[in-house]
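Please look over this model before reading on. My comments are on its sheets and on one helix pair.

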Amino acid sequence: MSNKIEPKEAKSWLSDGKEIAFIDIRELGQHTAGHPFFSISIPFSVFEFSLETLVPNKKTRLILMDNDNEISNFVCKKAVSMGYLNVFVIEGGIKRWTKEGFNLFDGINVPSKTFGELIEKNCHTPSITAKELHEKQSNNQNCVVIDGRPFDEYKKMSIPNSICCPNAELALRLPSYINDENTEIVINCAGRTRSIIGAQTLIEFGLNNTIKALENGTQGWFLSNLNLDHNKNNIIDALQTDQQIKKLKEKALHLINKNNIKVIDVAKTQKLIDETNTSTFLFDVTDNLEKKNVNVIPNVPGGQLVQATDKYIGVWNSNVILIDDGDLIRAGTTAMWLKKMNFKVFILKDGISKVSKLKLRYHHNHKEENLDILNIDNLISSKNVTLFDIRSSQDYLKTRLKKSIWLNRSEIFKHSMHKNNKIIIITDDLKKAFLIKKDIQDENKDCWIMVYKWSNDDLVKHPDIFDQTTKKLIKKKHIDFNFHTYKRHEGSKSHAEQYLKWETDLVDKMDEQELSFFNIF
């Protein structure tokens with residue numbers, strides 16, 4: 001039996017200062033259509049494999065929310081079987097939440113996006129419009145455009161004459177790249193958040209240049225009928241001298257002390273890792289521009305950690321330890337923002353060089369068993385079988401095996417699995433296949449289940465068994481697809497306008513509890 005909890009009580013827990021994980025187990029499309037502000041998306045289709053990463057401590061209060069379809073009760077049992085000790089289910093799911101008068105927020109990374117808007121309002125971050133910037137460039141005025149996104153995003157589309165420097169690298173790399181204090185620095189991203197956070201990072205760090213965020217980023221540029229560049233390779237990758245690093249490190253320490261962030265040694269770090277009553281996340285926040293191979297802890301560039309925090313941290317009020325190369329610049333500027341987001345943030349002294357001295361805890365205890373894999377010849381010769389395709393709906397609608405049925409894990413209960421004695425699961429993700437196979441066999445122990453691993457080579461060799469007619473996405477049916485203004489980067493001005501309006505409207509939807517959560521005011 002699950003522990004039921006009323007929405008009002010769950011809402012109060014979100015502001016009591018204690019660790020809490022609020023998990024929306026609906027699929028991504030359902031989550032992005034509307035979810036509570038502090039809820040983290042862990043879809044049922046990948047639940048067991050994602051939960052231990054996002055909620056590493058089994059003692060954490062864990063609240064589950066579904067679509068009022070009883071799946072939370074099913075998932076609750078899964079979480080308990082994995083060792084989670086404090087699991088609760090929202091009574092009535094998302095429907096009850098809204099009935100109580102609590103707002104839903106569409107889109108993804110809502111806390112981080114809203115945080116960016118709050119920073120702009122509170123810090124009065126200077127900005128410049130696309131037309132104003134274009135005019136400066138046309139007149140050869142002394143300004144430089146820095147793209148604060150990761151390089152792969154920059155390469156897809158960028159402001160003309162811009163250069164890439166991911167947000168967490170800005171304070172480290174810009175001082176040697178820009179020698180003239182009269183040069184105006186404009187930070188851009190695709191929309192708003194990273195432009196605002198990047199610009200305000202440099203302002204807080206103490207650069208003397210005029211610094212502005214490009215209002216609405218590349219989308220604002222596009223909406224102003226200006227042309228974007230594509231496939232550019234400009235990136236600031238020059239290394240600093242030891243003397244430059246020393247001066248910048250002193251500035252970083254000043255910023256760290258100003259924000260009451262603790263720089264801790266290996267012993268203190270180990271103590272936090274070993275603490276069994278709290279959740280502790282470790283991240284290497286460097287951008288790996290030097291192609292380092294550090295795999296013992298997650299590498300999440302600092303700009304992305306601030307931009308999409310709920311993608312990497314599933315527990316509010318938890319401990320976060322940030323690690324860079326020991327310069328304290330990248331960890332320090334990232335820590336400043338995460339602390340304002342109400343995390344307990346620490347920085348490992350001397351950085352990456354000390355990680356080998358740590359005894360890390362690994363929480364991934366959920367194991368998958370071997371699957372029976374079919375090759376294409378066995379698949380073709382199979383008779384009287386039901387074909388369930390569990391790939392993404394988008395991939396399924398492009399190309400699929402003839403007579404196959406698209407299946408999401410959350411809907412297996414609708415398919416009367418006890419009536420299917422022979423099933424072939426079509427997948428490009430064996431972990432997802434394992435989870436669905438186990439669910440089906442729990443309901444029908446006598447069911448014969450095999451797995452076919454999707455292969456484009458098979459598609460070329462045996463085109464006659466595939467259906468390659470493209471079908472349309474259906475919002476109510478294809479619950480794993482994010483329909484939230486998804487065409488904004490595909491030339492749709494209406495989607496771009498909707499997305500930007502969504503960002504700027506986020507703060508107005510927040511209630512007093514949500515507004516007071518962040519340490520900004």
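The points below take the two sheets in turn, then the helix packing.

1. Status of the model. This is a predicted model. Please read every point below in that light.

2. The five-stranded sheet. In which order do the five strands of this open sheet lie? The order is β1-β5-β4-β2-β3, and the pairing is parallel. β1 (3–5) and β3 (40–41) are the edge strands, each pairing on one side only.

3. A helix on that sheet. Helix α4, residues 71–81, packs on the five-stranded sheet. Its contacts there are with β1, β4 and β5 (86–90). The direction of α4 makes about 175° with that of β5. Since angles over 145 degrees count as roughly antiparallel, α4 is therefore roughly antiparallel to β5.

4. Register of β2 and β4. Strand β2 (residues 20–24) runs parallel to strand β4 (residues 61–65), and five bridges join them. To fix the register, take I20: its bridge partner in β4 is R61.

5. The four-stranded sheet. This second sheet is also open, with the order β11-β14-β13-β12. Its pairing is parallel. The edges are β11 (262–264) and β12 (280–284), and each of these pairs on one side only. From one strand to the next, the twist averages 30°.

6. Register of β13 and β14. How many bridges join β13 to β14? There are four, between residues 319–323 of β13 and residues 344–348 of β14, and the two strands run parallel. Within this pairing, I321 has F346 of β14 as its bridge partner.

7. A helix on the second sheet. Helix α13 (residues 266–274) packs on the four-stranded sheet and touches β11, β12, β13 and β14. Its direction makes about 100° with that of β11. The range 65 to 115 degrees counts as roughly perpendicular, so α13 is roughly perpendicular to β11.

8. Geometry of the helix pair. Helix α6 (residues 110–123) packs with helix α10 (residues 193–205). The angle is about 45°, and the axes are 9 Å apart. The two helices are therefore oblique to each other. Their crossing is left-handed.

9. Residues at the helix contact. Which residues of α6 meet α10? They are S112, K113, F115, G116, E117, I119, E120 and C123. On the α10 side, the contact is made by T193, I196, I197, Q200 and E204. The residues of this contact divide into five nonpolar, four polar and four charged.

Note on methods. Residues numbered from 1 in each chain as written. Predicted model: local features only at pLDDT ≥ 70, side-chain atom pairs only at ≥ 80, totals over all residues. Heavy atoms only, no water. Axes fitted to C-alpha atoms, helices over the stretch in contact; angles between N-to-C directions. Parallel < 35°, antiparallel > 145°, perpendicular 65-115°, else oblique. Left-handed = near helix turned anticlockwise from the far one by under 90°. Contact = heavy atoms within 4.5 Å. Nonpolar A, V, L, I, M, F, W, Y, C, P; charged D, E, K, R; others polar. Pairing = 2+ DSSP bridges.
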